[in-house]
Amino acid sequence: MASNKKYWKSVEELNENSSIVEALRQNEFVEEVPVDEFLGDKETLESSSTSRRDFLKYVGFSTAAATLAACEGPVVKSIPYVIQPETIIPGVADFYATTIADGYDFASILIKTREGRPIKVENNKEAVVKGSANARVHASVLSLYDNMRVKKPKIDGKDTTWETFDAEVGQKLNQISASGKQIVLLTQTFASPSTSKLVGEFKAKYSNVNHVVYDAVSESAALDAFEAKYGERGLADYDFSKAEVIVSVGADFLGDWQGGGYDDGYAKGRIPHGKKGDKKMSRHVQFESNMTLSGANADKRVPLTVADQKVALAKLYAEITGNSVSGRKLSANVEQAIKNAAGQLKQAKSKGVVVTGINDVDAQSLVLAINQTLASEAFDTTAPRKLRQGSDKAVAKVISDMKAGAIGGIIMAGVNPVYTLANGNEFAEGLKKLDLAVTFTQKEDETAQNTKYVAAAPHYLESWGDVEIKKGHYAITQPTIRPLFDTRQFQDALLKWSGNDKAYYEYLRATWTADILGGASWNQAVHDGVFKTTATVSLADEATAAIEDAEADATDETETVVVNNVAAQARKLANTAAASGMELVLYTKTGMGDGQQANNPWLQEFPDPITRASWDNYLTVSQVDAEAKGLKNWNVANGGLNGSYANITVNGSEPIKVPVIIQPGQAPGTVGLALGYGKTAGIKKEMQTGVNAYKVYQNFNNVQNVSVEAVGGEHEFACVQLHNTLMGRGDIVKETTLEVFNTKHYREWNPMPHVSRDHEMIDATSPKADMWAKFDRSIGHHFNLAIDLNACTGCGACVIACHAENNVPVVGKTEVRRSRDMHWLRIDRYYSSEDTFSGDNEKKENMSGLFGENGSLGGFLEMENPAANPQVAFQPVMCQHCNHAPCETVCPVAATSHGRQGQNHMAYNRCVGTRYCANNCPYKVRRFNWFLYNKNDEFDYHMNDDLGRMVLNPDVVVRSRGVMEKCSMCIQKTQKTILDAKREGRQIKDGEFQTACSAACSSGAMVFGDLNDKESKVAELHEDERMYHLLEHVGTKPNVQYHVKVRNTKEA
Amino acid sequence: MKKVNRRNSISRILGTALALMLAFSTVAFAQDEAAIKAGEALFKANCAACHKLDAMSTGPMLRKIESRLDEEQGLDREWLYKWIKNSNALIKSGDRYAVEVYEKYNKRQMTAFPTLSNEDIDNILAYTAQDKAPSVTTVDSGGEVAPAESGFSTDIVLTALIVLFGLLALGLFLVNKTLRKFAIANGTVNLEEEAKKTSIWKAFVQNQFLVIVATIFFMLGAAYFAYGYLMQIGVDQGYQPIQPIHYSHRIHAGDNKIECKYCHSSARVSKHSGIPSLNVCMNCHKNIAQVAEEVQQEGITKYGVDYNKEIRKLYEAVGWDPTQQDYVNEQKPVKWIRIHNLPDFVYFNHSQHVSVAGVDCQTCHGEIENMEIVEQHSSLTMGWCINCHRETDVNFRGNAYYEKIHEQLKDKYGVESFKAAEMGALECGKCHY
């Protein structure tokens, strides 16, 4: 049907008299195109020597010529040192011992530098305490090369010089000092004897100085409890390798509980050891609300709300000490679990240990009492840990004093209170009213934005320092690179403002020589990075004054005196009322911690070990609660995980909209949310992920009463693992119980898969089942990597170490969501669908037919869903370096091939990107470069700026677009080890061969070595009864071994 | 250490001798000549480390030192004996000029030479007393005579041969011409018939088969050359860029025989051979501010380079002030132009080849010692690498690392030596990661 609709091209058309409309109606071009000028004159056109064909010829020729001419190589300049430092040889790495102490992470580490650039963090094996780096510490080297760092001191947001800065701050300090108002030093936990002494001198110079230590994530309750009992502010230290029974009530001690770093000791006790047939391993019982790393590794995990945990702890105390405590009744199975745990603890006596993470002085005191009763060997109070010092009360007092106008000036170092305080906005308001506000910071963060004087602070790799991680265990921080920017560390500034002309290095050295070393060599101490002494150091901890002050104030105001009577505390705990609504349990993620390194793309892309989601924080909700509140997770067509949003409200505060992940194992009645996300200041746009959970971290309490309600909208997660269960495929993660392991033949719990040949079942590893020619690998090296599933806690340090060593690119949230993550090493996390994995296997075995009760159709569907409180297994998977590799046979250009040393080589320059290999890989470990990830504005992470690229390992090529890549078994490292031995003319000792992951693994779960060296650990492990290969029946003959996971399921 | 700052010492001695012969032809001077010769040897062995004849070095310049001292300070040879044998004692004795010199040179003491006899010192003084060497041009011409003579003989042979062949060709042409004339005259050749024949080109074009075959050959040939052209893209064999400082490997590695790894020391332990930092240059060039005169002349005439200027560039870069004999100026790193460029995806380790395999630098880099300006000698293509790995025996000798492996290999294959390729040196992942 014809239509008389009129289509308007522009408003002008409405005006009938418009000349333009008229002109355009007649002519397409308002002005005539001067075609005639060059085509009109037919004569000249014909007489022209250049015909159209000629023209095209010339164009063609010049294009071709230009192309060929462009093939000339560029001129490359080489600029050597003018005066080469003696210790630096270009191309050879140097290692320096240093210590990270950023207030949250403390560790003695080695820094690998190349041509003066720190490029990698390694564990310091000489350090007795905290000598291993976690994922964040491994990633900290990239934070050094952060382009968002403050590059110069600033006053009112404008760059200035240190001279001006000093002059102005010095003048203000004198004014405030004269006026009699308080000067507050609000700092992170330094645990530094020299800094302590220095602050003492600063106090002497200016009257009325108050030093307050502030931990963003507070351990104040544990510190208070310990101080009340032992008279010293510190945290009890634990050695889990000495424990046979470990009971944890809400303590994620494999995570960041009380400073973390307990996983190596724990893992030692988890590997079955002792006589054959009577091997022993520790028993681990965990009561907790969020699913944590510790819970995931536990032999028995009991999900409980925090209120119930308190009651449970009191009952445990009662059982062990024999004091009867009548308390609220818990459910029968929980009561039974407590009884069993207590029984095992009593049986183990000094080999038992109890820990708790409940943020409550009573609970912490109770644990100290229990461990004392047990006389636990794993429990050390004589040399407490010093890596948390903060006091909630003292910080609260600062804020109230600030409001009251009692404070004249504040100097902050290593803290970001505007972001990390629940009432950060109030703090920001307070800051503006002060006469003097200085912050030492690496980023222009939330606090810096509200502070007049922003002092550019150096990264720890550019600073000097000392740390007393544990009493008597000292560590030194030494710079490994000259400061990249015009920065000055807090201590240097304090020295200057105290009128001392010395540099902090000199001060530090003088302090050590006088007070700590006791005649030992300073150079040796710097070389080792650690120094242990039994002599008591006479450095007063000046920061305690502020705490005592605050406490005195608190007792004046209220009547809540700390009850120093354990029995009374137990009674109090036992009668904790069940939470009325939902409990929000705030926690820190393995990859983010307290959020200091939020601008670190490695950490953002690091998949959380439990949820496997990256680039986000989220509300973890149990299945039951999710159903009740109408919260959902689902997968969309491109494989991405989506989730609904929920609003959470604490104490009538402004609701926060958070995405929801349904977390198996989450205690019903609780929800979890990670701190450290939702930063908006001093951080790249790409890295501004998640929501700020500190806003509900009220009164420094990680447990809050919360109301949760579903709201509209869909959140797109970047989750790298979509299958949550094994669906009964027990041969992927083989596991057994300690009892079976000790009593049965190993082929029963570690069966060899069979294949059919001539209708006869034969071993999958038998030569008869092999269609490949045999290759003799007995000469030279034959590398193997052994992974012990018992020792692996899933901490993920290996993932970041691999990133750093192998120049693995960061691809960003949307790409991860499309399953284009580039991690060469992933740690698969599996939940059981039944209560245990063996239950899964049984269910699968018992399936019969397609339909019906035991039908496989419905059965497998059910098995896709994890249980409410599942067993968890971690399995690191990287390229298995198959001796009969399926990827090699399908490569049309022979870009991937096998080396005689057992490594599967990948020649990037040969690869044309067909991706056949990735499709044919049964382990799915190959990663494809869908884009150019370096020098590409679309991927604005560290490889896109000159500064960030400084972290690249010069021994490993940076891959380009369209190329397949994968784990190389760190061939650059094995080759280097071989070359060093050749050059020095010696044999290679066991332990010299390392990959990035095995070197990073402090728990001993990953062991790398030469199988042909019969003395080596890996050769011994290869013959171990627990050894199996992943998907053995495929016949790929991998060079990565796994060791059967054994669980200590003995209940009583 | 003996300083080798003058190359062609033999020719120089000869030259000096020649010049002296020309200047003083009487026998009476023969004795002096012997003294000068002995003095020169002593000077080079003992003094040259710190002194030069015509320039400041660590110590003052020494030409005509005796007469200068006499004229300016009124000091005689006796004073010099004392000074040379033990300058410290002289300074301590409070001798006016001795103290003055000591102060002037920043209280640097001259090494005492108690072993030198007075006669030795006489000889040295005789050597220093000579006039500045006469222009080296005579020496140069003398030097050029010899090679010219040998060239002369071959040239003559060649010219004679060319003339001979030319005459032969002329003779043949004339004979042919004459015979043809006879033939035409006799009527044995029919000219018209010849004219009727179709030309060879026409015949060729008409023969389709030939055209097709020729086209195929032409295209194959073109493809061959095109392939050859394309394959040399990115291969910079013969790349010889002009460097910011003209550094002559010919003089350093060739004439002065400085070991390659003295400067490229990291080649022993690192993947990089390393461009030496300038402090390594200064190990020698602190004392060598100028090259010998004839070397300078050679540089100017033959290579168009003022070597002394290039040394001054070094001083400029490293911040060295030759008059103060100290590093006082600002340092300016030298931006060398890299000659040997491997792509990023290749891992090459110098120490593996230099220290472990014991490969000579020249194997890959060519006759560096003869290169005035270094050029890329080898193609540095993968084929070139692989070839060498295929042909080279692994150097097992005396290396404890290889002991076990070598034994096992011997037992297995019953042969003594193995090529690098047989030991896995052809595997992709050994060089690409």
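**Exercise 1. The largest nonpolar core**

Find which residues touch the most other members of the largest nonpolar core in this predicted model.

*Solution.*
Step 1. Take the core as a whole: it holds 283 residues.
Step 2. Look for the best-connected members. They are A:Leu316 and A:Leu366.
Step 3. Ask which element gives the most to this core. Helix 11 of chain A, residues 306–321, does so with 10 residues.
Step 4. Look for another core. One lies apart from the largest, with 11 residues, including B:Ile36, B:Leu90, B:Ile124 and B:Leu125.

**Exercise 2. Around A:Leu366**

List the residues that A:Leu366 touches, leaving out those up to four places away in sequence.

*Solution.*
Step 1. Start with the lower residue numbers: A:Leu313, A:Ala314 and A:Tyr317 touch A:Leu366.
Step 2. Move to the higher numbers. Here A:Leu366 touches A:Val566, A:Gln569, A:Ala570 and A:Leu573.

**Exercise 3. Where chain A meets chain B**

Describe the side of chain A that touches chain B.

*Solution.*
Step 1. Count the residues in contact: 39 from chain A and 45 from chain B.
Step 2. Find the elements of chain A that give two or more residues to this side. They are strand 1 (77–78) and helix 33 (971–984).
Step 3. Pick out the largest share. Helix 33 of chain A provides it, with 6 residues.
Step 4. Sort the chain A side by type: 19 residues are nonpolar, 14 polar and 6 charged.

**Exercise 4. Strands across the chains**

Work out how strand 1 of chain A pairs with strand 3 of chain B.

*Solution.*
Step 1. Locate strand 3 of chain B at residues 336–337.
Step 2. Count the bridges: 2 join the strands.
Step 3. Read the direction. The two strands run antiparallel.
Step 4. Name a bridge pair: A:Lys77 is partnered with B:Ile337.

Technical notes. Residues are numbered from 1 along each chain as its sequence is written. Chains are lettered from A and ligands numbered from 1 in the order in which they are written. This is a predicted model: local features need pLDDT of at least 70, side-chain atom pairs count only at pLDDT 80 or more; totals for chains, interfaces and linings use all residues. A nonpolar core is a set of buried Ala, Val, Leu, Ile, Met, Phe, Trp, Tyr and Cys residues joined through C-beta atoms within 7 Å. A residue is buried if 20 or more other C-beta atoms lie within 10 Å of its own, exposed if 12 or fewer, and partly exposed in between; C-beta atoms are placed from the backbone. Helices (H or I, at least four residues) and strands (E, at least two) are DSSP runs, numbered from the N terminus. Two residues are in contact if their C-beta atoms, placed from the backbone, lie within 7 Å. Ala, Val, Leu, Ile, Met, Phe, Trp, Tyr, Cys and Pro count as nonpolar, Asp, Glu, Lys and Arg as charged, and the others, Gly among them, as polar. Two strands pair if DSSP finds at least two bridges between them.
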